[in-house]
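The exercises below ask for a careful reading of one model, from its overall make-up down to single residues. Each task is followed by a solution that goes step by step.

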Amino acid sequence: MRIRTLVATGMVLFVSVANAAAQDAKSVIDETTKAMRAAGVTSLAYAGTAADVNFLQTRNINGPWPLRTIDDYVRILDLSQTASRATGITNNQGLFGGAPVAGVFTQAITPASATWIQQLDYWVTPWGFLRGAAANGATVKTQKIKGKTYRVVTWSPGLKAPSGLAYTVNGYINDQRLIERVETWVNHDMLGDMLVEVAYSDYKDLDGLKVPGRIVQNRGGFTFFDTTVTDARRNPSNLAELLNPPAAGRAGGPAPGGVPAGGRGGAPAAPAAAPETSTKLADGVYKINGAYNALAVEFDEYVMVIEAGQNVARGQAIVDEVTRLFPSKPIRYAVNTHPHSDHAGGLAPLVAVGATLITTDNNTAFFTRTFSAPRTLVGDALAKNRRKPKVEGIGTKRVFADKTHSVELYHIIDADVERVHSDGILVVFLPKEKILFQADFTLPQGGAKPNPFVQSLGEELGRLKLDFDTYLPVHNSPLQQTRKDLMTATGVSW
């Protein structure tokens, strides 16, 4: 009886503490809403300039990454529903020293945006954060960071990660009752539990609102989006028009109140379908078919997989197909052509089966850090077995050979940075089969001039005098390509 009484008493105390924490959080949310003058605000728009980055697609994966300017930037938030729209005019850097090219930035978040990565840009805004905290049983604690005391409000959305775990959102509220930082984590095929953190500073009074003048978002430790706010409006009367402009509307230019109109945005494209077939190129050599091709090469005691792009699903499909083709041999090596996310997004399943990742020397630290990170939200094979990644780098060349096969890896380097697609990119040569396997060195069509990446490759292969017949791409080509095609395009013969 006494044990039962103690347990019951403990449960009452726990419920009381939980209720107190929830009540404290409500008070903090109310105080912050008042300090930010957000009471009664059902929608808002803010405008200024911004800059973004080609995330995980930059020439130097170790940074710093160059930002692209976005002019006439505006974001609209509808706080009565999970809806947002952002637009702007981009000034894209001209390729290879060419003239800049104007473009359009657009992003739409709708109630139908089904994943956290699609929605989080709404919820990490100060106003979206307060709405989410008020509706999702937030809790609060006090935390001191670098001598400064914050009240940290935490809540979780109804969405679940692929692993089944709940996402978490933390908001750091300073002694002025203003939101100074919001952070969350999202599942990423390469970076695992990727930290998304947004810093808010330089608050100013705009149209009766407290609005941060500077907003900087980092993802995975890299600057992702940088905004300078110069104008804002509360409860714009033309909200529906701003969120859903006519299809023929202009891509940019000012609308009433300094908010530009723009084209319609869309949710990110669905992941590419995983391949189900393979093609035999030679004895013990198979092309794993898909939107992004891979190679499997059989050695005496193991199999080497070359390339695993796109996403975890694609990587797992490659593992499954290679296991079907060579059921008695382990996958010992996984060769990555370069670290861009579309060419490395499927590597985690290969790390999970114990394959050693082969890359260039300057990518080893990045990949070691990447595949050592927590993956509790991803829920993939690497998350389940938590195998420590094995990463080996090469300088300019490395050869894998036994009596069965030989595979030669070459790091393509050019002193002229404008002729480098990635500073850590490999091509793969199979001398017995006379195959050169390459990624993103796409040959021009219709007699057009090659881009500088291809020209650089042609000159390097001419110097090396590699004797191949088939020029096999990771990205499918409508026509079979050969060394002669490369020589014709670049004007280099050997």
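**Exercise 1. Determine how many helices and strands the chain has, and what share of its residues is buried.**

Solution. The model is a predicted one, and its chain contains 11 helices and 25 strands. Of the 494 residues in the chain, 52% are buried, where buried stands for a relative accessible area under 20%. Turning to contacts between residues at least 6 apart in sequence, 59% of them join residues that are at least 24 apart.

**Exercise 2. Work out the strand order of the 11-stranded sheet, identify its edges, and describe the helix that packs on it.**

Solution. Step one is the order, which reads E4-E3-E2-E1-E11-E10-E9-E8-E7-E6-E5 in an open sheet with antiparallel pairing. Step two concerns the edges: strand E4 (101-109) and strand E5 (139-145) each have a single partner strand, so one side of each is left without a neighbour in the sheet. From one strand to the next, the twist averages 20°. Step three is the helix: H3 packs on this sheet and touches strand E1 (43-52), E2, strand E6 (148-155), strand E7 (169-173), strand E8 (179-188), strand E9 (192-206) and strand E10 (209-219), with a direction that makes about 60° with that of E6.

**Exercise 3. Establish the register of three strand pairs in this sheet: E2 with E3, E5 with E6, and E6 with E7.**

Solution. Strand E2 (residues 68-78) pairs with strand E3 (residues 83-92) in the antiparallel sense over seven bridges, and Asp-71 stands opposite Ile-89 in E3. E5 and E6 likewise pair in the antiparallel sense, over seven bridges, with Gln-143 opposite Tyr-150 in E6. Two residues lie between the strands in the hairpin of E5 and E6, where Lys-146 takes a positive phi near 50°. On to the next pair, E6 and E7 run antiparallel and are joined by five bridges, Thr-154 standing opposite Asn-170 in E7.

**Exercise 4. Describe the seven-stranded sheet, and find which helix packs on it.**

Solution. The seven strands form an open sheet in the order E14-E15-E16-E17-E18-E19-E20, and the pairing is mixed. Strand E14 (278-282) and strand E20 (391-394) are the edge strands; each has a single partner strand, so one side of each is left without a neighbour in the sheet. The twist averages 25° from one strand to the next. A parallel pair is formed by strand E17 (residues 303-306) and strand E18 (residues 331-335) over four bridges, in which Val-303 stands opposite Ile-331 in E18. The helix in question is H5 (residues 312-325), which packs on the sheet by touching E14, strand E15 (285-288), strand E16 (294-298), E17 and E18, its direction making about 150° with that of E15.

**Exercise 5. Decide whether helix H2 is enclosed or exposed, and characterise the surroundings of His-343.**

Solution. Helix H2 spans residues 116-123, and seven of its eight residues are buried, so H2 is largely enclosed by the rest of the structure. The buried residues are Trp-116, Gln-118, Gln-119, Leu-120, Asp-121, Tyr-122 and Trp-123. His-343, for its part, is found in helix H6 (residues 341-344) and is buried, with a relative accessible area of 0%. Leaving aside neighbours within four places in sequence, His-343 has contacts that include Tyr-292, Glu-307, Asn-336, His-338, Asp-440 and His-475. Ala-439 is also in contact with His-343; the two are 96 residues apart in sequence, yet 8.3 Å apart in space from C-alpha to C-alpha.

**Exercise 6. Compare the linings of the second largest pocket and the largest cavity by residue class.**

Solution. The second largest pocket has a volume of about 240 Å³ and is lined by 17 residues, of which Ile-29, Thr-33, Leu-130, Arg-131 and Ala-134 lie nearest its centre. Helix H1 (2-35) and helix H3 (126-135) are the elements that give two or more residues to this lining, and H1 provides the largest share, six residues. By class, the pocket lining has 11 nonpolar, three polar and three charged residues. As for cavities, the structure holds one of 30 Å³ or more, and the largest cavity has a volume of about 50 Å³. Its lining has six nonpolar, three polar and two charged residues, among them Ile-412, Asp-414, Arg-419, His-421, Phe-441 and Phe-453.

Definitions and conventions. Residues are numbered from 1 along each chain as its sequence is written. This is a predicted model: local features need pLDDT of at least 70, side-chain atom pairs count only at pLDDT 80 or more; totals for chains, interfaces and linings use all residues. Side-chain values use heavy atoms; hydrogens and water are left out. On a 1 Å grid over the protein atoms alone, a cavity is a set of points where a 1.4 Å probe fits but cannot get out, and a pocket is an open set with protein on both sides within 12 Å along at least five of seven lines; lining residues have an atom within 4 Å of a point. Grid points are joined across faces, edges and corners, and a volume is the space filled by probe spheres set on the points. Ala, Val, Leu, Ile, Met, Phe, Trp, Tyr, Cys and Pro count as nonpolar, Asp, Glu, Lys and Arg as charged, and the others, Gly among them, as polar. Two strands pair if DSSP finds at least two bridges between them. Axes are lines fitted to C-alpha atoms, for helices over the stretch in contact, and angles run from 0 to 180 degrees between N-to-C directions. Contact means heavy atoms within 4.5 Å. Buried means under 20% relative accessible area, exposed over 50%, partly exposed in between (1.4 Å probe, protein chains only).
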